[in-house]
Amino acid sequence: MAKPRIVVTRRWPAQVESALTERYDATLNDSDTPLSVEELQAALRSADAVCPTVCDRISAEVLGGSGVKARILGNFGVGYNHIDLEAAKKAGLVVTNTPEVLTDCTADIAMTLMLMVARRAGEGERHVRSKAWSGWRPTHMMGTKVTGKVLGLIGFGRIAQAMARKAHFGFGMKIIFHDPFPPAGEICNAVGAVRCDSLDEVLRDADFVSLHCPGGKETYHLLNAERIGLMKRSAYLVNTARGDVVDAQALIGALQDHRIAGAGLDVYEGEPAVPAALLEMDNVVLLPHLGSASLETRVAMGMRVVANLDAFFAGREPRDRVV
Ligand code: 8YV
């Protein structure tokens with residue numbers, strides 16, 4: 001029997017690409033250039049499976065019309081707000097994602113951002129590299145202490161829980177959170193996490209606010225000017241979730257007026273574009289969507305896609321089916 005045809009939209013780690021080419025008639029993207037709308041449409045019309053990433057917008061337009069041959073979208077990543085699930089369902093596609101394997105690395109990046117912005121690590125590094133450092137002095141680049149402070153988590157799923165463990169056991173932080181679907185009490189108790197009934201309560205009480213909710217329509221600009229205005233003047237915002245959860249203009253305004261102390265961002269609305277105002281600010285740490293970017297994790301994500309495709313083409317239910 002002919003091997004199923006799959007299209008992989010970006011370069012994946014070599015080990016995963018080898019596994020895919022062994023099992024499938026795989027078209028890889030050697031140039032690693034993002035596919036255009038037309039190329040995505042052509043992939044859906046010629047392959048049995050398409051394997052996208054966060055940078056491919058699988059919209060109703062891409063999925064619409066007749067002639068979609070693909071039967072599964074094996075997404076590389078846990079988040080799937082770049083895929084129009086309704087349109088995918090209508091086109092008869094199964095969609096899978098890659099949860100769990102990236103939990104720790106993404107929580108590590110949230111910790112990195114929190115520590116970097118509080119202790120002015122990005123700014124300090126630029127200072128040394130620019131040869132501006134004139135020597136140690138008691139008042140030089142004083143930041144904010146992290147240990148023992150209050151960490152407020154917006155969303156308390158896998159990644160937030162991992163961050164809570166690191167922050168609580170590693171840095172003695174007190175954990176508060178808001179989640180419309182909170183986990184079982186014992187999960188909260190294990191890190192002494194206190195559930196807040198409202199998002200506003202978390203924003204008011206936290207020294208560090210870290211976002212861990214999904215992106216998409218329901219959380220679009222959840223952190224608007226009014227909500228950012230509830231944060232302490234001394235508080236920092238960390239975003240490793242999705243850029244569109246934060247109204248970037250409102251955040252820029254709050255940072256410019258010193259209504260919050262700083263921000264650590266790994267994701268942006270319309271990335272890779274980053275608002276020019278943020279690039280100018282020293283109290284902002286900016287990373288290029290590195291949440292899951294360790295070799296181990298990216299291989300594990302890819303192998304999870306392979307397992308989902310294997311199950312699907314063997315007629316079994318893929319472990320990480322979303323629709
Ligand atoms: C990925 C992510 O790097 O998994 C996600 O949802 O945001 C990142 O870990 C990226 O989305 C891969 O498509």
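**Note on the second largest pocket and the domain contact**

1. The lining of the second largest pocket divides by class into five nonpolar, three polar and one charged residues. The model is a predicted one, and the points below should be read with that in mind.

2. Which residues line the second largest pocket? They are Gly124, His127, Val128, Trp133, Trp136, Arg137, Pro138, His140 and Met141. Arg137 is the charged member of this lining, because Arg is classed as charged. Gly124 belongs with the polar residues, because Gly is classed there.

3. The volume of the second largest pocket is about 160 Å³.

4. The chain is split into two parts: domain 1 covers 5–101 + 295–313, and domain 2 covers 103–286. Domain 1 is thus written as two segments, and domain 2 as one. Domain 1 contributes eight residues to the contact and domain 2 contributes seven residues.

5. Taken over C-alpha atoms, the centres of domain 1 and domain 2 lie 31 Å apart.

6. How much area do domain 1 and domain 2 bury between them? The figure is about 590 Å², with 46% of it on carbon and sulfur atoms. On the side of domain 1 that touches domain 2, the classes are four nonpolar, three polar and one charged residues.

7. As for specific pairings, two residue pairs are in polar contact between domain 1 and domain 2, both at pLDDT 80 or more. The rule finds zero salt bridges across the interface of domain 1 and domain 2.

Note on methods
Residues are numbered from 1 along each chain as its sequence is written. This is a predicted model: local features need pLDDT of at least 70, side-chain atom pairs count only at pLDDT 80 or more; totals for chains, interfaces and linings use all residues. Side-chain values use heavy atoms; hydrogens and water are left out. On a 1 Å grid over the protein atoms alone, a cavity is a set of points where a 1.4 Å probe fits but cannot get out, and a pocket is an open set with protein on both sides within 12 Å along at least five of seven lines; lining residues have an atom within 4 Å of a point. Grid points are joined across faces, edges and corners, and a volume is the space filled by probe spheres set on the points. Domain bounds come from an automatic or database domain assignment. Contact means heavy atoms within 4.5 Å. Buried area is the accessible area (1.4 Å probe) that two parts lose on being put together, summed over both. A salt bridge is a side-chain nitrogen of Lys or Arg within 4 Å of a carboxyl oxygen of Asp or Glu. A polar contact is a pair of N or O atoms within 3.5 Å; within protein, one must be able to donate a hydrogen and the other to accept it, and residues adjacent in sequence count only if both atoms are side-chain atoms.
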